[in-house]
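Trainee: Got a minute? I'd like to go through the strand pairing in this one.
Mentor: Sure, put it up.

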Amino acid sequence: MSRDVPLPETPDDAGVVAVLVAHDGESFLPRTLAALAALDPAPGAVIAVDTGSEDATASLLTQAGLVNRVMTLPADTGFAAAVHAGVEAAPASGWLWILHDDSAPEPDALAALLRNAADQPSVAVWGPKVLGWDEPRRLLEVGVSISRAGRRHTGLERGEQDQGQYDGQRDTLAVGSAGLLVRRDLWSDLGGFDRSLPFFREDVDFGWRVNLAGHRVAVASDAVVHHAEAMARGRRSRVIADPHSTDRASALYTLLANGRGSTVLLRWLWLLLLTLVRALGNVLGKAPREAAAEMSAVGAVLMRPQRLRVARRARKRWRLVKASSLQSLFPPPGQQVRHSLETLAGSLSVETDVAPSTILESGPSDDDLDAFVGTGTGRLRSWVRRPAVLLFVGLVAVQLIAWRGLYRDGVLRGGALLPMPTGASDVWQQYAAAWHPVTMGSDTMAHPSTAVLGLLATLLLGHATWVVPTVLVLGPPLAGLLAYLVIDSLGLSVRLRVWVGAAYALNPVFLAATAQGRWTTVLVGVLVPLAAVAAARAVGLGGRPASTRAAAAAVLLIAAMVALAPPLIVSLAALCVVLALLATGPRAQLAALSMVIGPLLLLLPWWPVAAADPAVLLLEPGLPWVGDDESAWHAVFFDAGGWWSAPWWFGLGLVVASLAAVLRAQLRRPVRAALVVVGVSLTWALVLEALVVTPDTSAVPVAVWSGSVLVLAVAAGLVAIATAAMGTRVRLQRAAFTWRQPALAVVVAMAAVSPIIWGVAWMGRGATDPLDRGGANPLPAFVRAQSGLPEQIRTLVLQPASGRLAYTVLRSRDAQWGDVETAPPVDQLTSLDRVVSDLASGAGSAPVDELADRAVQYVLAVAPVDPDLEVALDSAPGLLRIANPDESSLWRVEQPTGRVRMLVNGERAVLASEVPDDPAAVAVDVPAADTDRLLELAELADDGWVATASTEAGTRELPTSGASDWAQRFVAGAAPTQVQMSVDDPWRLVLVLGQLLAVVALVLIALPGRRRVDEEAV
């Protein structure tokens, strides 16, 4: 059906015919028609195609005197089909001009396009500069392209304003269909828009085909069209059920129909994998509709090879140039990485927000994970000169210089740091294990920091040994960068923000923590800025409403911080309670309370350990510091003590500046809040510094490390100082000269020079001592090899420590991270203490026999070896000195021993057992005997051990025997049997799985959902 207005009597073969496509466009059409009426020159004819509008669109077109013909098509007609219908009804002409009902050209737009076409006949398709509809200076398009995953690429910053930066002519892969001018003969030769693309990407597909046919596509910036992008921005009534699915399917079709034939199979596989990943990401991002759209696109395109085969065969007829020659017309793969980083930086602000994109985004933000390439020396130079980048690079340089003594092979250890497990799987196994191979075995739940270690190791491609160097080297610079980004919303100048970032990254607590190998403290410092932003957003600070998503993120971050440093639980809980009291509205108060209760619930599997030994709540993981001669008041100057710590006066500048912030009249709200955090944290740190505790796993008192609590005080103090300093110079300049001016000068000088002193001192001292790199295992290679045999023998390691003799029992490896926290209580090792004491004092052969009972085959005295100890061990019957590895001394127990033994009529026989990866599992074949036998397992007795015997008659559970005062024993019958021994702790598995589900649920809540907001309406 059509309504006609007389066409020109004499068709102009060299003129222009405009094809205007409309659908429910009464909101935009009056402006578009007015713009068409103002054109000079005007098109020779205007053909309007109305696709089943239900509003006044048809009458507006009919009443417009400049429209020569109005065609009415069904509402389900695609855009490409509508354009084809208009072209077929148009009179002969040299050029076709495609317009939308929401595209308004400026009066000279057509003249500029034709003028450029006359100057450059080799260009077959021209496009205008496209600006915003409601924001006339906002750039929307100066040509378009497509990424390797189908993302529509304009090369513009989000919200970029037109300042003439893209003026001139430029070749491009394609131009948008709103305002596209094309030679009509070429349109006919190439078949125009592909009707297989009813909506979206028809312009990119056409431009790509034009370029492959050997013609040029260009943009003329002196031609301007304003476009509302009504369908893409959700401002038009839906003509298709699912725009996301249609857009994604069009993107996949365009890529596979036009890409190089030699790579089409690889591209198909890549797009299939990428689409599945995007679907999973949308599910995690709480966008199930978009996830369904991705899967729908797979079925519509990737699973229909015949459709793609037909499209590629049709394009083969006129493909004249190699696809590789068009490489410069596609977006550089690394360009979107910068956009992602800027969006991430914006999310760290308390008050600002990132403008949302249009609802149609086909491609991941990192530009399809393609290889990273440069984006131009000018842009790179501008990026490198940014203060945040300079700050981060400078801090990394300081760290690399300080670490100069540790660039060698070996295992990182020393201070509080024990060697790390090898892989992420080892860490997760340690976390979930029901039995730990520490000394004589333990069923203690692993420390919650092990879960954080496992997550980091997983992110680092499964390399657990990379975690500590990465955190200790890059942690402080990253913490400084985050501090710089987070405080942007406080209105501080760039200089103050840079000072805060540098001071936070180089503060004395970080220096001491790095030197001592306390990676948990450094990681807490990295999480503090993120947790502060999440907590502020959760309770609605900064003018925002209270956010459930931010509350979930805050719960996760606070739980991670408490897992890394349990002493933080007191100060963090106190601060969250204060937030709850100050929050306005029930939602904000509930969010504040959730930040107290949520972390406690997340750490539920570990609370039985804390309930049995409350001292662990005061200790960070790692080797404890046995003696601390420093006074508790040093904590006021941010000195946490330990093996090495900066002089107490290093913190003097911060203390003086913080006092100046307290004394300032009319404190701003951020200053008051920061000072509350400083007060709570310093008070708790002073209490911790005054405490000496004796955990169940230690025979001697140990000092408490308050470093993580002091990190909170440092962070809050820096915020208070910088915020209080805003505008101080102006106020003093206006005031009469008094003692305040010179006093302030002294305070500023002390604060400003503090980070410089810390950085220079840190580089001069270096990160070594006590942190060092050494051998991976003190055991000789042949001992380690024998430990892996079916007997599973052990080694008693003796080492002098502060005037006493320390010992440990090693299996096939050295002590590693987590062993301190999972060691059995000392009261369960009383008998072993007696054995070691008798052995060191030369009390005959009984100690050696008892070592054999515990599967100990070797005794290693670590250098420096006490001469009296050597004499005692040399004289012990049943011990034979066999080697002196690395200035240590090694003895061998002469009688055979093993982890599993059979006792029959007082005689002992070692049984060979399978050597599984799980230390909580044992399998042995028990031979026949004349009477019942005792199976003795050289592990501490525990109710969790269960033994199951398998015979020809079936399977039965063996009873336990209490004949031993320490070992695990089971009573077996006389018949030959196979016995499986394992630790059964179903409740631990339930708690760990519940913890995992809770973490996943919080992550899903914390993930942002896709926002459908019109950018121009914001």
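Trainee: In which sense do E6 and E13 pair?
Mentor: Antiparallel, over three bridges. E6 covers residues 103-105. Strands are DSSP runs of at least two residues, numbered from the N terminus. Two strands pair if DSSP finds at least two bridges between them.

Trainee: Any caveats on the model?
Mentor: It is predicted, so local features need pLDDT of at least 70, side-chain atom pairs count only at pLDDT 80 or more, and totals for chains, interfaces and linings use all residues. Residues are numbered from 1 along each chain as its sequence is written, and side-chain values use heavy atoms, with hydrogens and water left out.

Trainee: Back to E13. What is the bridge partner of Pro105 there?
Mentor: Val225.

Trainee: And how many bridges between E7 and E13?
Mentor: Nine, in the parallel sense. E7 spans residues 123-132. Gly127 has Val219 as its bridge partner in E13.

Trainee: What about E11 and E13, parallel or antiparallel?
Mentor: Antiparallel, with three bridges. Gln169 is bridged to Ala220 of E13.

Trainee: How many residues of E13 are buried?
Mentor: 10 of 12, over residues 216-227. Buried means under 20% relative accessible area (1.4 Å probe, protein chains only).

Trainee: New topic: E20. How many of its residues are buried?
Mentor: Six of six, residues 856-861.

Trainee: Which way do E18 and E20 run?
Mentor: Parallel, joined by five bridges. Leu798 is bridged to Ala861 in E20.

Trainee: And E22 with E20?
Mentor: Antiparallel, four bridges. In E22, Ser889 is the bridge partner of Ala861. So Ala861 has bridge partners Leu798 and Ser889, by DSSP's definition of strands.

Terms used:
Buried < 20%, exposed > 50% of the residue type's maximum accessible area, 1.4 Å probe, protein only.
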